[in-house]
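This briefing is for a reader who has not met this structure before. It begins with the chain as a whole and then takes up the bound ligands and a few individual residues.

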Amino acid sequence: MSSTVDDQIREIEEQISQTSKNKSTEHHIGTLKAKIAKLRRRKLEIQFSSSSSKGYGFDIRKTGDGTVVLIGFPSTGKSTLISSITSKQSKVGAYDFTTTSAIPGIMFHRGTQIQIVDLPGIIEDASIGKGRGKEILAVARGSDMILVLLEPEKAEQYYEKVINELKKVAIRPGMVEPIIKIKKENRGGIALSTLRRLTHMTEKTFKGILREYKVINASVTVRSDPTMDQLIDVLEGNRVYPKILVVINKIDLIKKKQKEALLEQFPDAVFISALTGENTNLLKDRIVEKLELIKIFLKKQGEKTDYEEPLIVKYSSTIKDICDKIHRKFASEFRYAVVYGSSAKHDNQRVGLDHIVRDGDVVTIIMNKYQF
Ligand SMILES: Nc1nc2c(ncn2[C@@H]2O[C@H](COP(=O)(O)OP(=O)(O)OP(=O)(O)O)[C@@H](O)[C@H]2O)c(=O)[nH]1
Ligand SMILES: [Mg+2]
């Protein structure tokens, strides 16, 4: 028997690479991929639990309308950037590993308050704990958006490395969680209902992967066309899907030609100089846009709508999210809400906690004891 989890993973990876990929082997490959995912999870659990440190986070309390973490190799300019776009001054140094813990600041922009977290630089194998990698990645896991900061030099190579480390700790930056609903039953096998044709695997493979996760009797509804890896992600259940924004810093150091070449490699990136301030306002815009925040106006019963101080919430927030944002106890005292605006079927629609609001909605929350 193989001795370590790593060996086992390597063995199965080898099996996959030796198997030619076609319809008849697809099922087998799906099962092997599920086995690897389970081993990786075990490895992650071992790494994140066995450590001399208490817990594994830097203990950052989330505040504001969204949390953005700065992730990048050492000396890419993370601390220079946070010092430029927030009022927080984080120590800048011309040497690597200047920053040694998580430093949060607040960026005020277009009526929003965004928490920006400066972190130590990450290096290869951060996911297995190198250079406080565990702590850094734990903060990244809890964020709404990962800002990957790169320098023009070796941008592509470092980008790949950063993404790899993130993926290894079950972060899926910039990906959309596939919608797969699994309702376990007591018998009857798997009833699979697909709203779109599955193009990445057959139903047999789909069910085979479910079986690997001990889903034997269940009704399963699939609203997308997931790949095997995406299905395994859903079954693993510990994946997080923050947004991602790629930022290339230090453009004051490069020539136009170099910039054009980088633009081809990273068409969606924002090019800035944290040192001179070039494009940092544009970056602030992009951060706010990318977080997909919306404004909700609150109206107390019998009073006028408060258009002065809208509540900023994430796109597809529910009435429950709004309650939670106002006060911890709001949701438990909730009776119903009245919504006026584009999410309402008609003016002043009565809705429950699950109702999804849209930008510009006016919301009145009716509570058991108090009202808002
Ligand atoms: N020319 C230029 N230099 C920059 C820019 N941004 C940062 N620097 C320099 O790059 C060096 C590293 O900057 P830091 O902000 O400390 O980088 P960091 O990513 O926080 O580094 P660690 O905390 O060590 O991971 C410093 O000498 C900065 O002055 C920029 O836009 N242009
Ligand atoms: Mg720093």
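The protein chain exposes about 20200 Å², and carbon and sulfur atoms supply 48% of that area. The model is predicted. Its C-alpha trace spans about 70 × 60 × 45 Å along the principal axes.

**The chain as a whole**

- The secondary structure of the protein chain comes to 10 helices and 14 strands.
- Of the 372 residues in the protein chain, 47% are buried.
- When contacts between residues at least 6 apart in sequence are taken, 67% of them join residues at least 24 apart.

**The magnesium ion (ligand 2)**

- Two protein atoms serve as donors to the magnesium ion, OG of Ser79 and OG1 of Thr99, and they lie 1.9 to 2.1 Å from the ion.
- The pair links distant parts of the chain, being 20 residues apart: serine 79 belongs to helix α3 (residues 78-85), while threonine 99 is in the loop between α3 and β2 (103-109).
- Serine 79 counts as buried because its relative accessibility is 8%, and the limit for buried is under 20%.
- Threonine 99 has a relative accessibility of 11%, so it also counts as buried.

**Ligand 1 and its surroundings**

- Ligand 1 is surrounded by 23 residues, and the closest are Lys78, Thr80, Phe97, Thr99 and Asp252.
- By class, this shell has 11 polar, eight nonpolar and four charged residues.
- Threonine 99, a donor of the magnesium ion, is also one of the closest residues to ligand 1.
- Backbone atoms come within reach of oxygen atoms of ligand 1 at several places: a backbone N or O atom of serine 75 is 2.9 Å from one, and a backbone N or O atom of alanine 274 is 3.1 Å from one.
- A polar backbone atom of leucine 275 lies 3.2 Å from an oxygen atom of ligand 1.
- Ligand 1 taken alone exposes 650 Å², of which the protein buries 90%.

**Serine 273**

- Serine 273 is in the loop between β9 (270-271) and α9 (280-290).
- With a relative accessibility of 0%, serine 273 counts as buried.
- The side chain of serine 273 makes a polar contact of 3.1 Å with the side chain of threonine 276.
- Beyond its neighbours within four places in sequence, serine 273 is in contact with Asn249, Lys250, Ile251, Asp252, Glu278 and Thr280.
- Among these, Asp252 is also listed with the closest residues to ligand 1.

**Serine 343**

- Serine 343 lies in the loop between β12 (334-340) and β13 (349-351).
- Its relative accessibility of 12% means that serine 343 counts as buried.
- The side chains of serine 343 and aspartate 361 are joined by a polar contact of 2.5 Å.
- Neighbours within four places in sequence aside, serine 343 is in contact with Gln349, His355, Ile356, Val357, Arg358 and Asp361.

**Isoleucine 322 and helix α10**

- Isoleucine 322 is in helix α10 (residues 319-326).
- The relative accessible area of isoleucine 322 is 0%, so this residue is buried.
- Not counting residues up to four places away in sequence, isoleucine 322 touches Ile296, Leu298, Leu311, Val313, Val357 and Ile365.
- The C-alpha atoms of isoleucine 322 and leucine 298 are 9.8 Å apart in space, and the two residues are 24 apart in sequence.
- Val357 touches isoleucine 322 and is also in contact with serine 343.

**Helix α6**

- In helix α6 (residues 203-212), the buried residues are Thr205, Phe206, Gly208, Ile209, Leu210 and Glu212.
- Just after α6, lysine 214 takes a positive phi of about 65°.

**Other residues with positive phi**

- Most residues other than glycine have a negative phi.
- Phenylalanine 97, which is not a glycine, has a positive phi of about 60°.
- Phenylalanine 97 sits in the loop between α3 and β2 and counts as partly exposed at 43% relative accessibility.
- Aspartate 125 is not a glycine either, and its phi is positive at about 70°.
- The loop between β3 (112-118) and α4 (133-141) holds aspartate 125, which is partly exposed with a relative accessible area of 26%.

Note on methods
Residues are numbered from 1 along each chain as its sequence is written. Chains are lettered from A and ligands numbered from 1 in the order in which they are written. This is a predicted model: local features need pLDDT of at least 70, side-chain atom pairs count only at pLDDT 80 or more; totals for chains, interfaces and linings use all residues. Side-chain values use heavy atoms; hydrogens and water are left out. Donors are N, O and S atoms within 2.8 Å of the metal (3.2 Å for Na, K and Ca); water is not among the atoms, so sites may look incomplete. Helices (H or I, at least four residues) and strands (E, at least two) are DSSP runs, numbered from the N terminus. Buried means under 20% relative accessible area, exposed over 50%, partly exposed in between (1.4 Å probe, protein chains only). A residue is near a molecule or strand if one of its heavy atoms lies within 4 Å of it. A polar contact is a pair of N or O atoms within 3.5 Å; within protein, one must be able to donate a hydrogen and the other to accept it, and residues adjacent in sequence count only if both atoms are side-chain atoms. Accessible areas come from the Shrake-Rupley method with a 1.4 Å probe; for residues, only the protein chains shown count as cover. Ala, Val, Leu, Ile, Met, Phe, Trp, Tyr, Cys and Pro count as nonpolar, Asp, Glu, Lys and Arg as charged, and the others, Gly among them, as polar. Contact means heavy atoms within 4.5 Å.
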